[in-house]
Amino acid sequence: MNSKTTINDVARLAGVSKSTVSQYLNGRFNYMSEATRERIAKVIGDLDYRPNGLARSLKQNRTFLVGIIVADLNYSLSITCIQAIENELQDRGIQVIICNADENPDKEADYIETLLARQVDGLILFPTGDVSAPYQQLLEAGVPFVLMDRLLEQVTARSILLDNEMAVKIGIEELVRAGHHAIGMITLPLTAQPITPRKERVSGYRRAMLEAGLPLREEYLISVSAEEVADSLEQLLALPEPPTALLAGNDIVLGEVLKAANRLKLTIPEQLSIIGIDAADFAEVYNPAITTIKQPAYEMGSQAARILLASIEDRETGLPITYRFPPALQRGESVLKRGCPKSDHKMN
């Protein structure tokens with residue numbers, strides 16, 4: 001970067017006024033066309049122009065920092081959402097601080113305190129789902145925030161998550177179309193204050209089975225830790241009437257199921273049809289490719305960033321709206337068509 005490059009240089013080369021460039025740098029795009037945004041972004045990139053962040057912060061009483069606290073970085077959803085959030089915010093001159101709470105509410109509360117001390121402009125949080133006190137602190141402090149993937153009963157906030165019950169329904173319907181009636185499901189544990197996706201996917205399983213006119217057998221519905229998935233799968237398959245198909249409640253469960261299937265030399269889908277919820281990358285490269293119910297993680301992350309930016313600029317938290325994103329079926333070759341000729345035995 002040329003140390004003498006100024007905002008006037010950017011404005012001249014982009015063919016816009018200095019105030020338009022200033023509006024761009026401050027993330028105010030309401031009266032700016034997409035073409036203008038792209039032109040300014042290109043000139044800034046070409047010049048490697050960096051505005052004086054300290055001066056900008058002092059002038060606008062903002063730090064141009066946003067905190068992201070993730071309940072667990074092991075989820076493919078978390079990683080993809082963070083990529084989208086970071087891209088959206090960096091395009092608007094805002095840097096992110098990423099913290100991993102490891103599903104630990106105390107760690108999460110400490111991170112919230114730390115980020116508030118850093119005077120971040122706002123936060124995007126994937127809650128641990130255990131306590132609401134730290135979020136009430138954010139509300140009282142008037143710090144804009146958005147919840148991702150999980151809801152908190154005692155906290156009124158803008159929230160973004162998948163239509164979890166619909167995701168399970170899509171999976172059950174796909175299996176029923178293939179002729180399956182004995183369908184099991186494994187999820188991670190339901191705690192005293194159940195994490196939203198797990199709770200909604202379990203309730204979605206019960207509802208979808210009843211709507212399909214299928215018997216609801218409690219021994220087919222299992223909620224255990226990741227370390228217990230393999231043993232639970234063995235117990236499930238050892239039942240007098242084992243399920244012919246299985247829904248994996250998320251990508252972590254799916255990974256454990258597939259590892260156990262390899263160890264048990266279980267043939268998929270001939271011995272067990274499998275559908276996973278959350279489209280982990282490994283599902284596509286597994287042999288056979290696993291059918292999944294995909295959530296639009298990148299779009300969800302982008303939307304969270306846009307909602308937070310609007311709240312930061314308006315300096316108000318807005319109505320506590322829950323945004324539900326639709327899931328989509330991504331067919332692989334892990335579902336057996338029961339009663340079909342061997343040459344046409346996989347759903348695709």
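How are helices α6 and α7 oriented to each other? Let's find out by walking through this predicted model one selection at a time.

**Stop one: two helices.** Select residues 105–117, which form helix α6, and residues 133–141, which form helix α7. Their axes lie 9 Å apart and meet at an angle of about 20 degrees. Angles under 35 degrees count as roughly parallel, so α6 and α7 are roughly parallel to each other. Their crossing is left-handed.

**Stop two: where they touch.** Now show the side chains at this contact. From α6, pick Glu108, Ala109, Ile112, Glu113 and Leu116; from α7, pick Pro134, Tyr135, Gln137 and Leu138. Try colouring them by character: six are nonpolar, one is polar and two are charged.

**Stop three: a pair of rings.** Keep Tyr135 of α7 on screen and add Phe145. Together they make the one aromatic pair in the structure. The ring centres are 6.4 Å apart, and the planes stand at 40 degrees, a tilted arrangement. Phe145 belongs to strand β4 (residues 145–148), so the pair ties together parts that are 10 residues apart in sequence. Are these two residues buried or exposed? Tyr135 is buried, with a relative accessible area of 0%, and Phe145 also counts as buried, at 7%.

**Stop four: a loop residue.** Finally, jump to Ala212, in the loop between α9 (196–211) and β7 (221–223). Ala212 counts as partly exposed, with 35% relative accessibility. Add Val176 to the selection: it sits 36 residues from Ala212 in sequence, yet their C-alpha atoms are 7.8 Å apart in space.

Conventions
Residues are numbered from 1 along each chain as its sequence is written. This is a predicted model: local features need pLDDT of at least 70, side-chain atom pairs count only at pLDDT 80 or more; totals for chains, interfaces and linings use all residues. Side-chain values use heavy atoms; hydrogens and water are left out. Axes are lines fitted to C-alpha atoms, for helices over the stretch in contact, and angles run from 0 to 180 degrees between N-to-C directions. Helices (H or I, at least four residues) and strands (E, at least two) are DSSP runs, numbered from the N terminus. Angles under 35 degrees count as roughly parallel, over 145 as roughly antiparallel, 65 to 115 as roughly perpendicular and the rest as oblique. A crossing is left-handed if the near helix is turned anticlockwise from the far one by less than a right angle, and right-handed if clockwise. Contact means heavy atoms within 4.5 Å. Ala, Val, Leu, Ile, Met, Phe, Trp, Tyr, Cys and Pro count as nonpolar, Asp, Glu, Lys and Arg as charged, and the others, Gly among them, as polar. Buried means under 20% relative accessible area, exposed over 50%, partly exposed in between (1.4 Å probe, protein chains only). Rings of Phe, Tyr and Trp (its six-membered ring) pair if their centres lie within 6.5 Å; planes under 30 degrees apart count as stacked, over 60 as edge-to-face and the rest as tilted.
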